[in-house]
Each structure stands twice: as C-alpha cells, then as structure tokens.
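Here is a friendly walk through one protein model, meant to be read with the structure open beside you. We will begin at a single residue, look at its surroundings, and then step back to the whole chain.

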Amino acid sequence: MVGLMEKLGLKPGVIYGDDVLNLFKHAREVGFAIPAINVTSSSTVNAALEGAKDARAPIILQVSNSGSAFFAGKGISNENQKASIAGSIAAAHYIRAIAPTYGIPVVLHTDHCAKKLLPWMDGMMDADEAFFKEHGTPLFSSHMIDLSEESVDYNIQTTAKYLKRAAPWKQWLEMEIGITGGEEDGVNNEDVDNNSLYTQPEDIWNIYETLSPISPYFSIAAGFGNVHGVYQPGNVKLQPDLLGKHQEFVAKKLQNQDPKPVFFVFHGGSGSSVEEFQTAIGHGVVKVNLDTDLQWAYLIGHRDYITKNIEYLKTQVGNPDGPTKPNKKYYDPRVWVREGEKTMKARIIKALEDFKATNTL
C-alpha cells in the first residue's frame, strides 16, 4: 500500500503550505485525524516525535503562550510577551532542526492566541515574514487565533485580517468559534454559559464565506460542547454530530458535491471517548488537541520511577546496597526524564490508534 508520504510527496520534517493542505485533505478523505501535542520542552518534543515515528504517523506539535514562555525559561520576564515570543521561536527552530531525523511529516503550530495575546501572534508573524524572505517558507506551519470570547463579527473580521497577512506565505490559520469550556494552559472558561459551547451553522458559513476568498489554508475549531481538561463522565454533553450538520449547511450553500468542505478541529479532547473522537473525525475533524492527558502521562513515568527508587534518591551516596554506594546512575536526569518520555510516547501512540492515523506513512 502506498503511504501518504509517497502519495502526497511529503518530506520528513516540518511541512508548510500546500503540503499541510494536502495532508489535511487526505486525512479528511480517508477518515483519520492527527493529534496536536502541546510541547513545553525539548523532552516533550522528543517524546511526541518518537511516538509518531514508532506509529508511522504524522504529528502536529504546538506551543501555547504559557508553554512558549516556559520553553524560554521562567527566569525571563514575559512583559510585552517577550518570553512567549522568544520561547515559541526557539521551539520552532529546535523542532525544525530535529524533526527530519525522525522521518515523519510534522505540522508546527501555535495554540490559543486570545485577544489580549495578539502581540504574541504579531511577534511570531514578524519572525515568519523574516524567515519567509530568506527561506521561502514561514517559520511556523500554522497558528491559532482564538477570539471565541469576543463578538462573532470581531472574531471573523480580525481572523480575516491575520489570514490576509499569512496568505502570501501559504501559512495555515486555525480559528475558534464557540467557546471551549473548562481550564487548560492559561485559558479559563469554567464559568461560561453552556449555550456558548455550541456553534451555530450560520456562523460556520459566515466564516467560510469570509475566509475562503482570502486563502484556502484555514480550519475551524467549532464548539460542540467541548471542555478543556479531564472531567467526570456525564458532566459534559459532547454533540459531535453537530459537525455533520455544519458540513451539510455549508455544502448546500456552496451547491458543492463535496459533502465535507470544512476542515474542523476538536478542542478539549482529553477525557473524550473513542466513539466521540471517531464520530467527529467522520464529520471532517482533521486535528485533535491533546494536552491534559499527556501532561498526566508524562508525570506517570517520573512518578513511578521516583517511588520505585526512592531509597536511591535521598542522598548522593548511600543506599540499600551499601553506605558508600553512589547514586549517580539513579538521579542522572537522562534516566528519570527518559521515563516520562516513555509514558508520554505510549499515550501518544494510543491517541494515534484511536484517531486511525497509525501506519498511514
């Protein structure tokens, strides 16, 4: 069977423009989605890349505003988004440098840029523009602008402004309409009205009608009851079938033979059932955000290693094997950090299986 890399002519490493568009088209047509992994360090980047390599699947790596600041280092002030801009650019260069060695296509993305964080977006796009002038591609494959807490008109028109800037570089732009509830990575919508969690089809058409004349490189994170974080069963009423109704509405407006003209994104994926994921994927979801579950998975490896070896981690010298025995081989960061990478990798492989993305390369 011909894999998507050969079929689409993709090269290993970070992909851009038409390669991203063709990857998402292929995913929508075949019926799989790509997990988007929030990364905060070179270690989490490596774990995500290794998981995708072992599963023979594409992957999306993304940095959030606070994750970018952490990548830069907590010792740097984030006044005027200085740390977040520097950290996201540093992460981009690291991922660009290391990704080709894993032999897989990678979409390099940024996550949840709210209105108050637009200076962060501006700084990253300045870097994109400079990189494009020198190399012919932007630094990042795509960005996400999240103005879902603002009025619909402001959301769409501001998104259009940023898409116009990105269009000459063929850079992808993801936007959100309808609020994702809960709290995740600095985005707190725990107190929003439940009705705000469900996007209307007229809004999807308004977005499509406004953005598609500017550029084909965009996707929509539409609300269908999504909530960030992990929650008790029954507390969240996801309705992924709403995405199918949105597709029908837009296709009818377009008088289009394509039954799924919109690229959708699934936010708040942690804690959702495999059935909910696959229903959403069947309605045109090509990207699923996963963060909370992977934070937990990364911790598990560290937690289990430390609890298992606690008697070797209390002092530099002296352990159950003898009072003069050194403990360096136990507290070396290359040992215990690696354990977190292993458990994070395993969870990513499980997600790729759930989203039907394994063995697609």
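## Around helix α13

Val-335 is found in helix α13. Please keep in mind as you look around that this is a predicted model.

Is Val-335 buried, partly exposed or exposed? Its relative accessibility is 28%, so Val-335 counts as partly exposed; the partly exposed class runs between the 20% and 50% cut-offs. Which residues does Val-335 touch, once those up to four places away in sequence are set aside? They are Tyr-305, Lys-329 and Tyr-330. For a sense of distance across the model, try Leu-238, which is 97 residues from Val-335 along the chain. The C-alpha atoms of these two residues are separated by 40 Å.

One of the partners of Val-335, Lys-329, is worth a visit too. Lys-329 sits in helix α12. Leaving out residues up to four places away in sequence, Lys-329 touches Tyr-305 and Val-335. Tyr-305 is therefore a contact of Val-335 and also a contact of Lys-329, under the rule that contact means heavy atoms within 4.5 Å. Lys-329 has a relative accessible area of 61%, which means that this residue is exposed. Tyr-312 lies 17 residues from Lys-329 along the chain, and their C-alpha atoms are separated by 9.3 Å.

Between the two helices you will find Asp-332, placed in the loop that links α12 (328-331) and α13 (333-354). Asp-332 has a relative accessible area of just 12%, so this residue is buried. What does the side chain of Asp-332 make a polar contact with? The partner is the side chain of Arg-334, at 2.8 Å.

## Two residues with positive phi

Next, have a look at a pair of backbone angles. Arg-56 and Asn-359 are listed below with their phi values, which are positive in residues other than glycine.

| Residue | Phi | Place | Relative accessible area |
|---|---|---|---|
| Arg-56 | near 55° | loop between α3 (42-55) and β3 (59-64) | 40%, partly exposed |
| Asn-359 | near 55° | segment after α13 | 46%, partly exposed |

## The whole chain

Now zoom out. How many helices and strands does the protein chain have? There are 13 helices and 13 strands. Along its principal axes, the C-alpha trace spans about 80 × 50 × 50 Å. A compact globule of 361 residues would have a radius of gyration near 21 Å, and the protein chain has 21 Å, so the two agree.

Buried residues account for 56% of the 361 residues in the chain. Take the contacts between residues at least 6 apart in sequence: 70% of them join residues at least 24 apart.

On the outside, the accessible surface comes to about 15900 Å². Carbon and sulfur atoms hold 51% of that surface. As for charge, the protein chain has 35 positive and 43 negative charges, and the mean positions of the two sets are 6 Å apart.

To return to the starting point, the stretch around helix α13 offers each of the accessibility classes: Asp-332 is buried, Val-335 is partly exposed, and Lys-329 is exposed.

Methods:
Residues numbered from 1 in each chain as written. Heavy atoms only, no water. Helix = DSSP H or I, 4+ residues; strand = E, 2+ residues; numbered from the N terminus. Buried < 20%, exposed > 50% of the residue type's maximum accessible area, 1.4 Å probe, protein only. Polar contact = N/O pair within 3.5 Å; in protein donor to acceptor, adjacent residues only side chain to side chain. Rg over C-alpha atoms; globule rule 2.2 N^0.38 Å. Areas by Shrake-Rupley, 256 points an atom, 1.4 Å probe, with all protein chains shown as cover. Lys, Arg positive; Asp, Glu negative; His and termini not counted. Charge placed at Lys NZ, Arg CZ, Asp CG, Glu CD.
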